[in-house]
There are 2 protein chains.
Amino acid sequence: MAQAQTNRSVGVVTPQVYHHGAPLHLSAGGRLASFDLVFETYGSLNENRSNAILICHALSGNHHAAGYHDQDDAKPGWWDSCVGPGKPIDTDRFFVVSLNNLGGCHGSTGPTSENPDTGKPYGPTFPTVTVQDWVRSQALLADHLGINRFAAVVGGSLGGMQAMQWAIDQPDRLHSAVLIACAARLTAQNIAFNEIARQAISSDPSFHGGDYSQLGENPELGLMLARMIGHVTYLSDDGMRQKFGRELQSGGFEPGHDVQFQVESYLHHQGRSFSQRFDANTYILMTRALDYFDPAREHEDDLARALSAANCKFCVVSFSTDWRFSTERSKEIVDALVSARKNVASAIIESQHGHDSFLLEIPRYFDVLRSYLDRIFEEVCGEA
Amino acid sequence: MAQAQTNRSVGVVTPQVYHHGAPLHLSAGGRLASFDLVFETYGSLNENRSNAILICHALSGNHHAAGYHDQDDAKPGWWDSCVGPGKPIDTDRFFVVSLNNLGGCHGSTGPTSENPDTGKPYGPTFPTVTVQDWVRSQALLADHLGINRFAAVVGGSLGGMQAMQWAIDQPDRLHSAVLIACAARLTAQNIAFNEIARQAISSDPSFHGGDYSQLGENPELGLMLARMIGHVTYLSDDGMRQKFGRELQSGGFEPGHDVQFQVESYLHHQGRSFSQRFDANTYILMTRALDYFDPAREHEDDLARALSAANCKFCVVSFSTDWRFSTERSKEIVDALVSARKNVASAIIESQHGHDSFLLEIPRYFDVLRSYLDRIFEEVCGEA
């Protein structure tokens with residue numbers, strides 16, 4: 001492949017590992033004797049350690065948000081368009097931390113890791129983790145890095161839920177929370193799509209109740225289906241029409257031809273490639289964390305009360321054609337924040353790309369992020 | 001179970017079989033040496049045979065639209081709320097014909113039928129059928145019943161596509177076409193959901209390339225997944241919120257409990273029950289017919305030109321929260337009909353029940369159908 005384009009890029013980055021040697025008691029009752037978090041950092045921490053931004057990843061994300069792991073990498077990290085020198089999350093100003101969450105499959109302790117008690121991979125015995133546990137483990141990572149207070153905790157989708165949980169659970173440790181294309185809890189429809197994805201995985205005969213890796217197998221078809229379902233729900237109907245229409249990939253409508261629409265082969269490709277790089281138990285664990293997230297639950301379904309503990313500023317961004325985490329869901333968050341008398345900025349971005357918009361370089365979206373974070377920078381680092 | 005409620009019902013009905021002894025050449029190039037269509041009729045054909053209504057079924061429907069097969073039946077036919085004495089499709093006035101389509105699995109010739117050439121079930125070798133083939137076979141059934149011209153051809157979803165194809169292919173054989181919750185062609189998103197359902201079925205190891213029945217197997221898990229996917233897309237987000245919210249079916253959010261949301265067990269139940277009563281090859285065949293339907297294709301994507309052959313009146317009905325066949329899609333049909341200078345009535349019905357609305361007893365929807373068909377009755381049978 002062509003050499004990595006390091007122009008306006010953070011360049012080549014090396015993942016680091018934070019090892020936490022003490023036990024972690026999880027909110028659903030489980031316990032990890034110790035754990036690792038793999039993470040990357042971009043930019044430099046300033047002297048008074050006030051310019052740090054934490055990026056929380058979504059369902060299938062990981063720590064590699066920006067830059068390249070090697071000069072010859074074909075592709076940069078998953079949010080490279082947004083994170084780098086002069087980009088909305090500007091590494092010339094901010095020190096950016098991006099990690100793989102607990103339970104992940106990209107280097108942090110998760111189902112594919114060895115359980116020290118048994119010497120075998122955790123597999124399906126990996127304990128349930130929730131968004132609250134992620135926030136707690138991320139705070140431990142911040143301790144390790146000497147960051148007492150983040151200038152911003154930023155995330156899209158499931159990442160936005162983590163940013164919201166940070167505001168609630170660690171009110172003194174962040175100056176602002178940026179919640180992008182997220183919701184205060186999933187709708188029944190969302191839970192339904194997640195459950196179908198889990199069902200697709202667990203009914204794959206190679207899943208073996210989650211013990212596939214010990215048997216040298218991988219529930220590829222189930223993971224492929226799960227990803228295909230997810231993928232369709234991340235795109236908008238209009239966006240898919242523009243991208244694929246009813247164009248044929250092969251065959252024709254003449255007698256005897258096998259018709260295949262482009263959208264079909266696209267989904268096959270996406271699903272197949274995902275099934276090679278993602279762990280099935282992790283997928284189940286991450287979707288469960290999504291389903292369970294509901295900070296208002298402990299406050300009689302009153303989100304404003306749940307958010308009353310927060311002590312930071314908020315920026316809430318949603319996208320016009322996102323039907324998995326619709327603008328309505330963001331409006332609920334904004335309304336609750338207003339009702340809880342918090343400082344909140346919000347924007348609805350016109351985009352044809354559905355939920356996926358949060359990963360794309362959309363000028364107005366990036367302008368909103370840039371100007372919001374510029375202000376945050378002045379507030380935490382300005383020489384006023 | 002309690003005795004069947006025959007009040008305002010067509011009562012107990014007995015399915016009949018029409019055997020077509022001559023070959024049928026199919027539009028995609030296949031051929032059936034002969035075929036059977038199973039059908040039911042409700043009401044009486046009048047003397048000049050002008051009061052017949054044809055009901056075309058949707059993806060998973062069948063011939064049993066109204067009444068009971070037995071006094072002890074727990075449930076009536078799938079559209080019993082709409083078809084019967086004094087109901088919108090009033091069997092006191094109309095003679096109603098309802099059939100199971102070619103390729104179906106409820107008695108008409110389909111993949112589960114014996115191939116006369118081999119003495120074995122067709123299975124995956126059943127030829128591709130299209131909406132055009134359905135219309136042709138339905139016209140042959142009409143010949144058999146001595147019906148030269150239907151007062152109305154009525155259908156929802158895939159059934160509406162058949163009604164549209166009737167208007168194009170058999171312009172002199174229907175007085176009106178009632179298109180409910182349908183589209184002139186599927187969007188890429190719709191094709192994507194269908195493809196995921198097919199993929200779920202074909203990747204079930206019990207599918208055996210479609211030869212499951214000969215091996216005494218059934219791809220139940222695949223069919224279950226396919227139905228779960230379909231089901232979520234037939235409901236609206238709001239409707240699901242009202243029906244399920246985030247209510248728990250079992251477990252709790254306390255540590256150590258396994259959480260199951262009501263929507264999950266509901267979908268499992270729906271999927272499992274469907275997998276017991278529906279044939280996998282038929283599901284694939286029916287979704288393919290949906291995908292291929294596109295009458296404008298042969299007219300340079302000009303739907304108005306495709307519809308210019310029609311010679312009947314139209315009634316087009318859609319539902320506000322239907323996102324699988326949205327009101328936009330119905331509007332495209334209405335616009336094309338107007339542009340082709342056809343007589344068209346249309347209504348958008350407010351409903352929270354998504355695509356499923358077309359099967360439900362919604363007062364304004366039923367009022368629209370009733371008053372439209374009253375007028376049709378006067379036109380074809382009135383003593384003016």
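# Exercises on a predicted two-chain model

With 32 C-beta neighbours inside 10 Å, Ala181(A) counts as buried. The model examined in these exercises is a predicted one.

## Exercise 1. Two residues with positive phi

Task: Establish where Ala181(A) and Asp301(B) are placed, and state whether Asp301(B) is buried, partly exposed or exposed.

Solution.

Step 1. Ala181(A) belongs to the loop that runs between β12 (176-180) and α3 of chain A. Its phi is near 45 degrees, which is a positive value in a residue other than glycine.

Step 2. The burial of Ala181(A) follows from a count: a residue is buried if 20 or more other C-beta atoms lie within 10 Å of its own, and Ala181(A) has 32 such neighbours.

Step 3. Asp301(B) is situated in the loop between α7 and α8 (303-307) of chain B. Although Asp301(B) is not a glycine, it has a positive phi of about 60 degrees.

Step 4. Asp301(B) has 14 other C-beta atoms within 10 Å and is therefore partly exposed.

## Exercise 2. The relation between the chains

Task: Determine what kind of axis relates chain A to chain B, and describe the side of chain A that touches chain B.

Solution.

Step 1. A turn of 180 degrees, with a shift of 0.0 Å along the axis, lays chain A on chain B with an RMSD of 0.0 Å. This is the relation of a two-fold axis.

Step 2. Both copies use the same surface, since 100% of the contact residues of chain A recur in chain B.

Step 3. Chain A contributes 38 residues to the contact, and chain B contributes 38 residues. On the side of chain A, the elements giving two or more residues are α3 (188-202), α4 (220-234), α5 (237-243), α6 (262-277) and α7 (280-292). The most comes from α3(A), with nine residues.

Step 4. Sorted by class, this side of chain A holds 22 nonpolar, seven polar and nine charged residues.

## Exercise 3. Two helix pairs

Task: State how α3(A) is oriented relative to α5(B), and how α1(A) and α2(A) are oriented to each other.

Solution.

Step 1. The axes of α3(A) and helix α5 (residues 237-244) of chain B are 8 Å apart, and the two helices pack at an angle of about 90 degrees. Angles of 65 to 115 degrees count as roughly perpendicular, so α3(A) is roughly perpendicular to α5(B).

Step 2. From α3(A), the residues Ala188(A), Gln189(A) and Ala192(A) meet Asp237(B), Met240(B), Arg241(B) and Phe244(B) of α5(B). This contact consists of four nonpolar, one polar and two charged residues.

Step 3. Within chain A, helix α1 (residues 131-145) and helix α2 (residues 158-169) pack at an angle of about 70 degrees, and their axes are 9 Å apart. The helices α1(A) and α2(A) are therefore roughly perpendicular to each other.

Step 4. Val131(A), Gln132(A), Trp134(A) and Val135(A) of α1(A) meet Met161(A), Gln162(A), Gln165(A), Trp166(A) and Asp169(A) of α2(A). In this contact there are five nonpolar, three polar and one charged residues.

## Exercise 4. The domains of chain A

Task: Give the bounds of domain 1 and domain 2 of chain A, and describe their contact.

Solution.

Step 1. The domain assignment of chain A places residues 16-185 + 294-381 in domain 1 and residues 194-286 in domain 2.

Step 2. Taken over C-alpha atoms, the centres of domain 1 and domain 2 of chain A are separated by 27 Å.

Step 3. The contact joins 22 residues of domain 1 of chain A to 18 residues of domain 2 of chain A. The side of domain 1 that touches domain 2 has eight nonpolar, 11 polar and three charged residues.

## Exercise 5. Tyr292(B) and Ala340(B)

Task: Find which element holds Tyr292(B), and which residues Ala340(B) touches.

Solution.

Step 1. Tyr292(B) is part of helix α7 (residues 280-292) of chain B. It counts as buried because it has 22 C-beta neighbours inside 10 Å.

Step 2. Apart from neighbours within four places in sequence, Tyr292(B) is in contact with Val259(A) and Thr130(B).

Step 3. Ala340(B) is located in the loop between α9 (327-339) and β16 (344-349) of chain B. With 17 other C-beta atoms within 10 Å, Ala340(B) is partly exposed.

Step 4. Residues up to four places away in sequence not being counted, Ala340(B) touches Ala304(B), Leu307(B) and Ser308(B). The C-alpha atoms of Ala340(B) and His353(B) are separated by 32 Å, the two residues being 13 residues apart along the chain.

Key
Residues are numbered from 1 along each chain as its sequence is written. Chains are lettered from A and ligands numbered from 1 in the order in which they are written. This is a predicted model: local features need pLDDT of at least 70, side-chain atom pairs count only at pLDDT 80 or more; totals for chains, interfaces and linings use all residues. Helices (H or I, at least four residues) and strands (E, at least two) are DSSP runs, numbered from the N terminus. A residue is buried if 20 or more other C-beta atoms lie within 10 Å of its own, exposed if 12 or fewer, and partly exposed in between; C-beta atoms are placed from the backbone. Two residues are in contact if their C-beta atoms, placed from the backbone, lie within 7 Å. Copies are superposed by least squares on the C-alpha atoms of residues with pLDDT of at least 70 in both. Domain bounds come from an automatic or database domain assignment. Ala, Val, Leu, Ile, Met, Phe, Trp, Tyr, Cys and Pro count as nonpolar, Asp, Glu, Lys and Arg as charged, and the others, Gly among them, as polar. Axes are lines fitted to C-alpha atoms, for helices over the stretch in contact, and angles run from 0 to 180 degrees between N-to-C directions. Angles under 35 degrees count as roughly parallel, over 145 as roughly antiparallel, 65 to 115 as roughly perpendicular and the rest as oblique.
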